[in-house]
Amino acid sequence: MPSLDVTLPHWAYWVGLIVFPLVAMVLARRPRTGPSKYTNALGYFILVTGGMLGLHRFYLRSLMGLAFIPVFILILISNSNGQEARSVLSDASNVVRQAERTLERETGRIEAAEADLPKMRADLAEAEEGTFAKRRAEKNIARAEQRLSDGRERIAQATEDLKTATPALEVAGDNLAFWNKVGAYALYVLLAAMLVDAVLMPGLVRRANQNLPEEEPESEAEKALRELEEAENVEDSSHVSTGWTGWIDRTSLMAGEFVSYWAVIAVFVYYFEVISRYVFGSPTNWAHEAMYLMFGMQYLIAGSYAMLTEAHVRVDIFYAPLSRPKRAWADLFTSIFFFIFAFTLLFTGYKFALDANAVATGNGVISEWARGNIGFGEMLGSMSLAQWTDPNIRWGEISFNEWEIPLWPMKWVMVIGGLLLVLQGISKLAQDVRAIVKGA
């Protein structure tokens, strides 16, 4: 079975986290005109991401997608049986290797003991009765005979193990080769089918669009249901306030929308991890770490969005019945505790970020600035292309696993998240003051 050894470059990770949400936000704002149709772009996208399961065929309403599923299941069965055969092969190889070493070691020891035994017996015969030399010679002979007995037992056991494990080793090797061949052929069949469908895609899309039913006018019941759903789904933009606080609310709104698309990235990354692990037998060393770091950053940045849209969990049994001015007074009181938390997050995050840049392994100008060796202006003036492209330059803390992703950017995201939270708290405080003044 061919392997799939792909390690995500660090620059691709950061570019993906920035570019993908921007593109998604632009596409989400495109006006939709006319009835929905199948498109080549989406067809090829599904072909690349889920073609092994025939999802592109199901997208185009073609039952030929069912032909992909048995082949894919055969790959999974081949990998499962191959892993089992590999485990048996490894165990048998260890037994054979240990038995061969035992035979080699004990054979030499027995030969040496048998060669020394006649001299020991001669020394015993020459020693006088009751002397120390006599007792020592007797002990030497007893130890030599014990070594011979133990060695012969080990040789017998090793010979038996070798006799049992050698056929198992051959069978496991044949099974592993067989299932690897079956999995590889099944994979080649899937790739060939996907390649054929890639060529046929424009025609398949055109045929699927031709089979689309004519769009029927919306019934009264469907219209009433749609209006009800629209009334229940309050747009996030309705939470944006007027005046100077509006730009803070819009910033929080944009930040929340930006990081929400990271969840889509996680779907693709974990899908790639599953395919790599169970189809190609090549688990990645970066997917899990990349995603839990991403979700940590998402949680921090989305805090201001949750506060703006009131999406956080709150027990409001006493709060909800209050009038707007009274709720504003309650919010003013509780804002004391909020700002304690928000400013603690901001300043603690800033300290963590500086410490992450100031680690001893950092040899870039940013690390020098974080350690206090150069000023901020000197740091900016020392920036060059080499600081960004030289792989030997590190700006701070990195992870300890094989991927070695820089961790200091995540620490600075704590600062960004804390700053957004403080700004949103200021916006909420200003709106509460307005509500109190208007209510008075």
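The axes of helices are lines fitted to C-alpha atoms over the stretch in contact, and the angle between two of them runs from 0 to 180 degrees between N-to-C directions. With that in mind, this report looks at how helices pack in a predicted model, beginning with helix 8.

**Three partners of helix 8**

Helix 7 (residues 246-260) and helix 8 pack at an angle of about 10°, and their axes lie 5 Å apart. Angles under 35 degrees count as roughly parallel, and helix 7 and helix 8 are therefore described as roughly parallel to each other. Their contact joins Phe258, Val259 and Ser260 of helix 7 to Trp262, Ala263 and Val264 of helix 8. By class, this contact of helix 7 with helix 8 holds five nonpolar residues, one polar residue and no charged residues.

What is the orientation of helix 8 and helix 9 to each other? Helix 8 (residues 262-278) and helix 9 (residues 287-301) pack at about 170°, with axes 10 Å apart, and they are therefore roughly antiparallel. On the side of helix 8, the contact is made by Trp262, Ala263, Ile265, Ala266, Val269, Tyr270 and Glu273, while helix 9 contributes residues including Ala287, His288, Met291 and Phe295. The residues of this contact of helix 8 with helix 9 divide into twelve nonpolar, two polar and one charged.

The axes of helix 1 (residues 10-28) and helix 8 come within 9 Å and cross at roughly 120°, and the two helices are therefore oblique to each other. The crossing of helix 1 and helix 8 is right-handed. Here Gly16, Leu17, Phe20 and Pro21 in helix 1 meet Trp262, Val264, Ile265 and Phe268 in helix 8, and the residues of this contact of helix 1 with helix 8 divide into seven nonpolar, one polar and no charged.

**Helices 4 and 5**

The table places the kinks of these two helices side by side.

| Helix | Kink | Proline shortly after |
|---|---|---|
| Helix 4 | about 30° at Leu117 | Pro118 |
| Helix 5 | about 60° at Leu200 | Pro202 |

How many residues does helix 4 have, and what should they span? Helix 4 (residues 68-126) has 59 residues, which at 1.5 Å a residue should span 87 Å, and its end C-alpha atoms are 86 Å apart, which agrees. Helix 5 (residues 132-210) has 79 residues and reaches 108 Å from its first C-alpha to its last, close to the 117 Å expected at 1.5 Å a residue.

Notes: Residues are numbered from 1 along each chain as its sequence is written. This is a predicted model: local features need pLDDT of at least 70, side-chain atom pairs count only at pLDDT 80 or more; totals for chains, interfaces and linings use all residues. Side-chain values use heavy atoms; hydrogens and water are left out. Helices (H or I, at least four residues) and strands (E, at least two) are DSSP runs, numbered from the N terminus. Angles under 35 degrees count as roughly parallel, over 145 as roughly antiparallel, 65 to 115 as roughly perpendicular and the rest as oblique. Contact means heavy atoms within 4.5 Å. Ala, Val, Leu, Ile, Met, Phe, Trp, Tyr, Cys and Pro count as nonpolar, Asp, Glu, Lys and Arg as charged, and the others, Gly among them, as polar. The expected span of a helix is 1.5 Å times one less than its number of residues. The bend at a residue is the angle between axes fitted to the seven residues ending there and the seven starting there. A crossing is left-handed if the near helix is turned anticlockwise from the far one by less than a right angle, and right-handed if clockwise.
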